[in-house]
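Hi,

The structure we talked about is below. My notes follow it; please read them with the model open.

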Amino acid sequence: MLDVRRMQVLRAVVTSGSVTAAAANLGYTPSAVSQQIAALEKEAGIELLERFGRGVRPTAAGRLLTEHAAVIGRQVAEAETALADLRAGRTGRVAIRYFPTADLVAPALARFRTEHPGVRVDLRIADGARDEEADLTLVVGPRNAPGDGLRLVHLVDDPYRAVLPKGHPLADRRVLDLAGLADEPWVGSERPGPCLDAVLEACAAAGFTPDIAVECEEYATAQGFVAAGLGISLIPLMGLGSRHPNVVVRRVRGPEPVRSIHAAVRESSLTLPAVRALLTALQEA
């Protein structure tokens with residue numbers, strides 16, 4: 001295999017017209033340059049330079065390798081520039097996976113794109129399985145270690161609110177005791193997982209298991225069922241961005257259910273300024 005560095009030495013000799021001039025330009029001794037050329041000729045299996053007056057000139061093979069050396073030199077320079085841009089966070093790609101009610105994503109990305117317009121963002125909804133391509137995944141209350149190569153960064157605690165139909169006997173109270181909802185029919189708002197666990201554990205701490213009269217996995221649909229008088233529901237604050245006009249939302253205590261939102265970040269991605277900037281934008285959002 002041809003040595004790329006020796007090809008650059010050949011290029012310096014050809015462009016300067018002599019071994020001595022090339023050595024001066026490269027900061028080598030003339031004998032070191034001659035040794036590099038001799039080694040390259042051995043690799044190529046053909047003579048690359050010939051005497052010409054007081055200097056040298058390339059053979060046909062020498063001209064061929066010099067042309068390729070020029071192309072390689074430009075490509076290496078481009079690679080160095082691209083790498084410097086990546087290290088500085090000016091370019092690159094960041095892959096994010098999120099769950100639909102994480103409403104901190106939009107403002108964080110708006111800020112990030114303003115500050116890093118050259119970085120492409122790959123934004124997709126997480127499907128529950130670990131995505132090896134993701135640099136950062138938003139997750140709710142993981143109970144176990146996230147796995148090798150991942151670091152958990154806490155972003156925010158998202159409290160649940162009681163959602164009641166207008167005209168409900170408890171609707172005039174500003175704060176509700178969770179135990180006071182024990183005898184109500186419930187509209188479920190969560191699929192099995194850490195979000196539902198946060199609700200069930202809070203109810204257990206208050207001394208009851210909720211009577212799920214209607215199963216639902218979408219917050220907007222759950223509000224519709226509540227508005228129709230089919231039950232009450234607990235919905236996290238982030239899931240209440242759009243509120244049904246015929247429901248009221250009240251704080252809950254004793255205890256207050258909370259889901260904890262984290263960013264699971266690849267350790268290797270934390271070395272990239274763009275990923276660190278995105279993480280900061282999420283924390284501040």
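E256 is partly exposed, with a relative accessible area of 31%. This is a predicted model, so treat what follows as computed from it. E256 forms a salt bridge with R161, and the closest N and O atoms are 3.0 Å apart. E256 sits in the loop between β11 (247-253) and β12 (258-266), while R161 belongs to strand β6 (residues 150-165), so the pair ties together parts that are 95 residues apart in sequence. The partner, R161, counts as buried, at 13% relative accessibility. The cut-off for buried is under 20%.

Salt bridges elsewhere

The whole structure holds 16 salt bridges. One of them joins the side chains of R93 and E133, at 3.8 Å from N to O. R93 is in strand β3 and E133 is in the loop between β4 (119-125) and β5 (136-140), so this pair links parts 40 residues apart in sequence. R93 is partly exposed, with a relative accessible area of 33%. E133 is partly exposed too, with 46%. Both residues belong to a network of salt bridges that links R93, R97, D122, R124, D131 and E133.

E115 and R111 make another salt bridge, at 3.2 Å from N to O. Here the partners are in one helix, α5 (residues 105-115). They are four residues apart, which puts about one helical turn between them. An α-helix has 3.6 residues a turn, so residues three or four places apart point the same way. E115 is partly exposed, at 45% relative accessible area. R111 is also partly exposed, at 31%.

The cavity

How many cavities of 30 Å³ or more does a search of the whole structure find? The search finds one. Its space is about 50 Å³. The lining consists of L86, T91, G92, R93, V94, V119, L272, A274 and V275. Note R93 again: the residue that pairs with E133 also lines this cavity. Two elements, β3 (92-98) and α8 (273-284), give two or more residues each to the lining. β3 gives the most, with three residues. By type, the lining has six nonpolar residues, two polar and one charged.

The second largest pocket

This pocket holds about 250 Å³ of space. It is lined by 16 residues, and those closest to its centre are G188, S189, E190, L196 and I212. The elements that give two or more residues to the lining are β8 (185-187), α6 (194-205) and β10 (233-236). The largest share comes from α6, with three residues. The lining divides into 10 nonpolar residues, three polar and three charged.

Helix α2

Which residues of α2 (residues 19-26) are buried? They are V19, A22 and A23. Seen down the helix axis, these buried residues fall within an arc of 100°, so they line one face of α2. The cover over them includes α1 (4-16) and α3 (30-44). The face turned away from the buried side carries the exposed residues T20, A24 and N25. Just after the helix, G27 takes a positive phi of about 80°.

Where to start

Try R93 in the viewer. From there you can follow the salt-bridge network and look into the cavity that R93 helps to line. Then move to the buried face of α2.

Best wishes

Notes. Residues numbered from 1 in each chain as written. Predicted model: local features only at pLDDT ≥ 70, side-chain atom pairs only at ≥ 80, totals over all residues. Heavy atoms only, no water. 1 Å grid on protein atoms, 1.4 Å probe; cavity = no way out; pocket = protein on both sides within 12 Å on 5 of 7 lines; lining within 4 Å. Points joined across faces, edges and corners; volume = space filled by probe spheres on them. Nonpolar A, V, L, I, M, F, W, Y, C, P; charged D, E, K, R; others polar. Buried < 20%, exposed > 50% of the residue type's maximum accessible area, 1.4 Å probe, protein only. Arc of directions from axis to C-beta. Contact = heavy atoms within 4.5 Å. Salt bridge = Lys/Arg side-chain N within 4 Å of Asp/Glu carboxyl O.
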